[in-house]
Amino acid sequence: MEWRHTNSPVRVKAKWTISTRKVKATVFWDRHGVLLVEFMQQGTTINEATYCATLTKLRRAIQNKRRGLLTFGVLLLHDNARLHSAINTQNLIRSFGWEQTDHPTYSPDLDPSDFHLFRYLKEFLGGKRFDTADEVKKKFKTGYPHRRQTSTT
C-alpha cells in the first residue's frame with residue numbers, strides 16, 4: 001500500500017519471469033557452415049560438465065562432417081567464460097589435441113557470429129510462429145541452410 005493522490009496514475013511494477021518461449025542452443029561452425037547445434041533443455045543452464053559433453057559431440061561431428069580436419073588440428077575461439085577456462089574443459093581440449101585462442105576484445109579481422117551465422121538464422125526463422133520448442137528444433141534441423149551463403153564477384 002502507498003499513499004497517493006486520487007488523480008495520480010497507477011504505479012506499474014515490472015515482474016521478471018523466465019521465458020517459456022525461448023529455445024537456447026550452442027552452435028559450433030567453421031568456414032564451411034554449421035558443425036553442431038546442441039539444444040538445451042528448458043530451464044537448464046550450461047556448466048562445465050554439459051560443455052565438456054558438448055565438446056565430445058563436436059569431436060564426433062567433426063569426424064563425420066569434416067573428414068581429415070582432426071589430423072590438421074582444431075582451433076577453438078573462446079571467450080573468457082568460466083566454463084571455457086575450467087580445468088576439466090582445458091584437460092579435455094588438450095586430450096583431443098586441439099588448440100584454443102582467446103577472443104580478443106576488439107578485432108576487425110574476426111567477423112562476429114552476428115554477421116555470418118545469426119543474420120541467416122534471423123532471416124530463416126523471421127515471421128514464423130511456433131507453438132512448442134520441439135517445432136523450432138525440428139524446423140532448424142530440417143530446413144535451415146547449414147552452409148553459409150557467399151556471393152562471388
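Asparagine 88 counts as partly exposed, because its relative accessibility is 46%. That value falls between the 20% limit for buried and the 50% limit for exposed residues. The structure is a predicted model. Asparagine 88 sits in helix 4. Leaving aside residues up to four places away in sequence, asparagine 88 touches Glu48 and Cys52. The C-alpha atoms of asparagine 88 and alanine 49 are separated by 8.2 Å. Along the chain, these two residues are 39 residues apart.

The overall fold was examined next. The chain holds 6 helices and 4 strands. Read from the N terminus, the order of elements is β-β-α-α-β-α-α-β-α-α. Among contacts with a separation of 6 or more, 57% join residues 24 or more positions apart. Of the 153 residues of the chain, 26% count as buried. The chain exposes about 12,400 Å². Carbon and sulfur atoms supply 52% of that area.

The interior was then considered. The largest nonpolar core has 16 residues. Phe28, Leu55, Leu58, Ile62, Leu76 and Trp98 have the most contacts inside this core. Three elements each supply at least two of the core residues: strand 2 (33-39), helix 1 (48-65) and helix 4 (87-96). Helix 1 gives the largest share, with 6 residues. Helix 4, which also contains asparagine 88, is thus among the contributors to this core.

Leucine 76 shows how one core residue is surrounded. Residues up to four places away in sequence are again not counted. Leucine 76 then touches Leu55 and Leu58, along with Ile93 and Trp98. Its other contacts are Glu99, Gln100 and Thr101. Leu55, Leu58 and Trp98 are also listed with leucine 76 among the residues with the most contacts inside the core.

A further core, of 5 residues, lies apart from the largest one. Its members include Val34, Val37, Leu117 and Phe140.

Confidence was assessed last. The mean pLDDT of the chain is 79. A value of 70 or more is reached by 79% of the residues. Residues 147-153 have a pLDDT below 50. In the model, this stretch has 10 contacts beyond near neighbours in sequence.

How values were computed:
Residues are numbered from 1 along each chain as its sequence is written. This is a predicted model: local features need pLDDT of at least 70, side-chain atom pairs count only at pLDDT 80 or more; totals for chains, interfaces and linings use all residues. Side-chain values use heavy atoms; hydrogens and water are left out. Buried means under 20% relative accessible area, exposed over 50%, partly exposed in between (1.4 Å probe, protein chains only). Contact means heavy atoms within 4.5 Å. Accessible areas come from the Shrake-Rupley method with a 1.4 Å probe; for residues, only the protein chains shown count as cover. A nonpolar core is a set of buried Ala, Val, Leu, Ile, Met, Phe, Trp, Tyr and Cys residues joined through side-chain atoms within 4.5 Å. pLDDT is the predictor's confidence in each residue, from 0 to 100.
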